[in-house]
Amino acid sequence: MPEKTGHCAVGEANRRGNHGVRHDWTIEEVREVFETPLMELVYRAAGVHRQFHDSAEVQVCKLISIKTGGCPEDCSYCSQSSRYQTEVKASGLMEKDEVLAIARKAKAAGVSRVCMGAAWREVRDNKQFDRVLEMVKDVNDLGVEVCCTLGMLTESQAKRLEEAGLYAYNHNLDTSREHYKNIITTRTYDDRLETIANVRKTSVTVCSGGIIGLGETTADRISMLHTAATMHPHPESFPVNVLSKVAGTPLADEPDVPVWDTVRVIAAARILMPTSVVRLSAGRANLSPSDQAMCFMAGASSIFSSETGQMLTKAVPSPDYDADRELLDTLGLKPRVPFKGGHPNSTKGRETSEIRQGGCAAESCTAHA
Ligand code: SAM
Ligand code: SF4
């Protein structure tokens, strides 16, 4: 547990009956948080992080691309869209044993969450989905949190994933409602929200965040944060991806995102959604160790790592296990164990469970006894 401090926003808010977590942010309030001078914003975010989470921990995650390339969607950032000529070669759905072998190695390297991604527009009720359900079941049996990102999902498919033991479903907002049509034309923002709503009808936790560097404005970043921060409950996980520019895609020549923009989005998300795990995801390979330290200070507490230095495809790299172990050691951080608050399939009231997962640093706190 972190060191005890004098004040607990969670305990105070518990007396008000809402755990200090707000879902009624106005767009002006989100803008005010977002436009706070950067050092002040990081200082505030670091305080919130310590009240709701164990600031000594970072979760190490592994993404396995179980079905790569050949996707019919036109997401302008994506190396896997069949609409663009990228270096990614399409391949079929992996065999379960292959996936399990990668997951076992990942666990041995300190990974506590395994995410399986498929380059699909949507899940279909076919043999391939049956195979994914088997993968979920068997990876879950290894004792790690299992996340899937498979595209659009119906309520009954979400239920089948829940029954297989799925811990989280990732479906990113990606950007603001206003900017979405400039990035993807083959589905709508409302399609995205509908899948998230279908996941919410189960006990599977929601992982939904965005990408910065898609040519969006500051107003778009604020709007995306507002959409997530007014969800009730908040997504348990909020990934912050920085565009990995992929040759052959329409966004290949977008300007670089200054690290300060990444830090600002992380810190604002930390303050607006105090119990969510803010996940520093794509684009981390371009950040120096001190850039990453700043992101952790601002409240990010999850990274994707890999054996091969490949997060999703070759075009979306990540640092490797050894480099990340060294980074966490240097910063005095330790990898988080899985299921700190119990498996959500057996835990109702997810936000409370997420608060418990983080532990509370406050002496006066009765919320986390
Ligand atoms: N087909 C599924 C879908 O779109 O939901 C899952 C595939 S993809 C692994 C999931 C997420 O990865 C995307 O929503 C996007 O946020 C992120 N992503 C993919 N390519 C990226 C890139 N080049 N740079 C940054 N993020 C990227
Ligand atoms: Fe397909 Fe997902 Fe890539 Fe979009 S982000 S092209 S849906 S794999």
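Select Arg22 first. In this predicted model, Arg22 is partly exposed, with a relative accessible area of 28%. Now add Glu29. The two side chains meet in a salt bridge, 2.8 Å from N to O. Glu29 is partly exposed as well, at a relative accessible area of 27%. Both values lie between the 20% and 50% limits, so neither residue of this pair counts as buried or as exposed.

Next, select Glu95 and Arg131. Their side chains also form a salt bridge, here with an N to O distance of 3.7 Å. How many salt bridges are there by this rule? The count comes to 25.

Now go to ligand 1. Show the residues around it: there are 18. Start with the closest ones, which are Trp120, Asn172, Asp174, Arg192 and Ser244. Colour this shell by class. It divides into 10 nonpolar, 6 polar and 2 charged residues.

Zoom in on the polar contacts of ligand 1.

- Asp174: a polar side-chain atom lies 2.8 Å from an oxygen atom of ligand 1.
- Ser244: here the backbone takes part, with an N or O atom 3.0 Å from a nitrogen atom of ligand 1.
- Tyr77: again a backbone N or O atom, this time 3.2 Å from a nitrogen atom of ligand 1.

Turn on the surface of ligand 1. Taken alone, ligand 1 exposes 560 Å². The protein buries 94% of that area. Where does ligand 1 sit? Its place is the largest cavity.

Stay there and select ligand 2. The space that ligand 2 takes is the largest cavity too. Which residues surround ligand 2? Three cysteines are in the list, Cys71, Cys75 and Cys78. Add Tyr77, Ala119 and Trp120. Then add Glu73, Ser81 and Arg187 to complete the set. By class, this shell has 6 nonpolar, 1 polar and 2 charged residues.

Finish with two residues that touch on both stops. Select Trp120: it is among the closest residues to ligand 1, and it also belongs to the surroundings of ligand 2. Then select Tyr77. Its backbone contacts ligand 1 at 3.2 Å, and Tyr77 is listed around ligand 2.

Definitions and conventions: Residues are numbered from 1 along each chain as its sequence is written. Chains are lettered from A and ligands numbered from 1 in the order in which they are written. This is a predicted model: local features need pLDDT of at least 70, side-chain atom pairs count only at pLDDT 80 or more; totals for chains, interfaces and linings use all residues. Side-chain values use heavy atoms; hydrogens and water are left out. A residue is near a molecule or strand if one of its heavy atoms lies within 4 Å of it. A polar contact is a pair of N or O atoms within 3.5 Å; within protein, one must be able to donate a hydrogen and the other to accept it, and residues adjacent in sequence count only if both atoms are side-chain atoms. Accessible areas come from the Shrake-Rupley method with a 1.4 Å probe; for residues, only the protein chains shown count as cover. On a 1 Å grid over the protein atoms alone, a cavity is a set of points where a 1.4 Å probe fits but cannot get out, and a pocket is an open set with protein on both sides within 12 Å along at least five of seven lines; lining residues have an atom within 4 Å of a point. A molecule sits in a cavity or pocket if more than half of its atoms lie within 2 Å of its grid points. Ala, Val, Leu, Ile, Met, Phe, Trp, Tyr, Cys and Pro count as nonpolar, Asp, Glu, Lys and Arg as charged, and the others, Gly among them, as polar. A salt bridge is a side-chain nitrogen of Lys or Arg within 4 Å of a carboxyl oxygen of Asp or Glu. Buried means under 20% relative accessible area, exposed over 50%, partly exposed in between (1.4 Å probe, protein chains only).
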